[in-house]
Amino acid sequence: MLKLDDRGVGYGSIKGREIPDRDTLFEFFVIPPFRKHASDLFREFLNAARPQFIECQSNDRLLTAILFEFAHNISADTVLFEDHCVTNLAIPGAIVRRKRDADAIFPHGVEPVGEYVVELNSEIVATGGFMLHYNHPFADLYMEVREDHRRRGIASFLLQEVKRECYLAGRVPAARTGINNLGSRGALTKAGLRVAGFMLTGEVRS
């Protein structure tokens with residue numbers, strides 16, 4: 001809790017990054033009328049919590065300003081995406097449907113097996129879905145395509161359909177991927193999403 005004259009005016013949160021203990025600030029919020037005191041409040045936060053790192057999304061203006069004021073060695077390893085437009089992609093012979101218990105799912109190397117699958121020629125060639133660990137109303141899209149069916153537009157086709165299911169569930173689709181994952185970035189863009197920001201990390205100056 002951040003206080004001025006015994007009044008709660010904001011909060012900060014820390015989590016583990018390089019070590020199991022809590023060493024990384026990832027939330028810092030100050031009620032707008034008190035943001036002129038944000039730097040002083042953050043210094044007090046540093047004295048109390050002693051984080052080693054600051055992590056933030058570049059579209060969080062307050063925490064990004066704090067990051068550049070109090071940290072160094074700042075880098076970005078993750079790109080954030082937001083929905084931008086409706087697409088009408090199609091793969092001849094392919095359908096997107098909910099996964100069934102009897103489906104033969106290919107081994108996944110990165111993402112979990114999703115609730116939705118792409119069926120092509122009676123085979124499951126991709127799975128995907130959306131996670132609800134974001135703050136409401138956002139949801140995080142994910143997908144994985146069988147290795148022998150990549151670079152055919154299947155990922156974008158699946159993401160397009162999962163986006164629709166996400167809206168039907170009352171959620172707003174979003175996504176994130178590694179900054180160097182050009183395949184995933186291309187698939188997300190083709191499915192109608194656009195870059196909304198970057199996940200930034202910096203070391204707190206001593």
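Q: Which residues does Lys163 touch, not counting residues up to four places away in sequence, and what makes each of them a contact?
A: Lys163 touches Asp83, Cys85, Leu141, Pro173, Ala191, Gly192 and Leu193. They are called contacts because heavy atoms of the two residues lie within 4.5 Å. The model is predicted, so local features need pLDDT of at least 70 and side-chain atom pairs count only at pLDDT 80 or more, while totals for chains, interfaces and linings use all residues. Residues are numbered from 1 along each chain as its sequence is written, and side-chain values use heavy atoms, with hydrogens and water left out.

Q: Why is Lys163 called buried rather than exposed?
A: The relative accessible area of Lys163 is 5%. The term buried applies under 20%, exposed over 50%, and partly exposed in between, with a 1.4 Å probe and protein chains only. Lys163 is therefore buried.

Q: Where does Lys163 lie, and what makes that element a helix?
A: Lys163 lies in helix α3, residues 154–168. Helices are DSSP runs of H or I with at least four residues, strands are runs of E with at least two, and both are numbered from the N terminus.

Q: What makes the pair Asp83 and Lys163 a salt bridge?
A: The side chains of Asp83 and Lys163 meet at 2.7 Å, N to O. A salt bridge requires a side-chain nitrogen of Lys or Arg within 4 Å of a carboxyl oxygen of Asp or Glu, so the pair qualifies. Asp83 lies in strand β5 and Lys163 in helix α3, and therefore the pair ties together parts that are 80 residues apart in sequence.

Q: How many salt bridges does a search of the whole structure find, and which pair links Glu82 to a distant part of the chain?
A: The search finds twelve salt bridges. One of them joins the side chains of Glu82 and Arg194 at 2.9 Å, N to O. Glu82 in strand β5 and Arg194 in strand β11 are 112 residues apart. Asp40, Arg43 and Glu69 are also linked, in a network of salt bridges.

Q: Are Glu82 and Arg194 buried, exposed or partly exposed, and why?
A: Glu82 has a relative accessibility of 32% and so counts as partly exposed. Arg194, at 40%, is therefore also partly exposed.

Q: Are Arg97 and Asp103 buried or exposed, and why?
A: Arg97 has a relative accessibility of 12% and so counts as buried. Asp103, at 16%, is therefore buried as well. The side chains of Arg97 and Asp103 meet in a salt bridge at 2.9 Å, N to O.

Q: Why is strand β9 described as largely enclosed by the rest of the structure?
A: Strand β9 covers residues 138–145, and seven of its eight residues are buried, so the description follows.

Q: What makes β8 and β10 partners of β9?
A: Two strands pair if DSSP finds at least two bridges between them. Strand β8 (residues 123–131) and β9 share six bridges in the antiparallel sense, with Gly128 opposite Met143 in β9. Between β9 and strand β10 (residues 172–178) there are three bridges in the parallel sense, and Ala139 stands opposite Pro173 in β10. The chain crosses from β9 through α3 to β10 in a right-handed β-α-β crossover. This handedness means that, with the strands pointing away from the viewer, the path from the first strand over the helix to the second runs clockwise.

Q: Why is Glu165 in helix α3 called partly exposed, and which residues does it contact?
A: Glu165 has a relative accessibility of 30% and so counts as partly exposed. Leaving aside neighbours within four places in sequence, Glu165 is in contact with Tyr116 and Phe130. The C-alpha atoms of Glu165 and Phe130 are separated by 8.9 Å, although the residues are 35 apart along the chain.

Q: Why is Val96 in strand β6 called partly exposed?
A: The relative accessible area of Val96 is 26%, and therefore Val96 is partly exposed. Not counting residues up to four places away in sequence, Val96 touches Tyr116, Val117, Val118, Phe157, Leu158 and Glu161. The C-alpha atoms of Val96 and Glu161 are 7.1 Å apart.

Q: Which residues of helix α2 are buried, and against which elements do they pack?
A: In helix α2 (residues 61–70), the buried residues are Leu62, Leu63, Thr64, Ile66, Leu67 and Phe70. They pack against β3, α1, β4 (53–57), β5 (71–83) and β11 (193–204).
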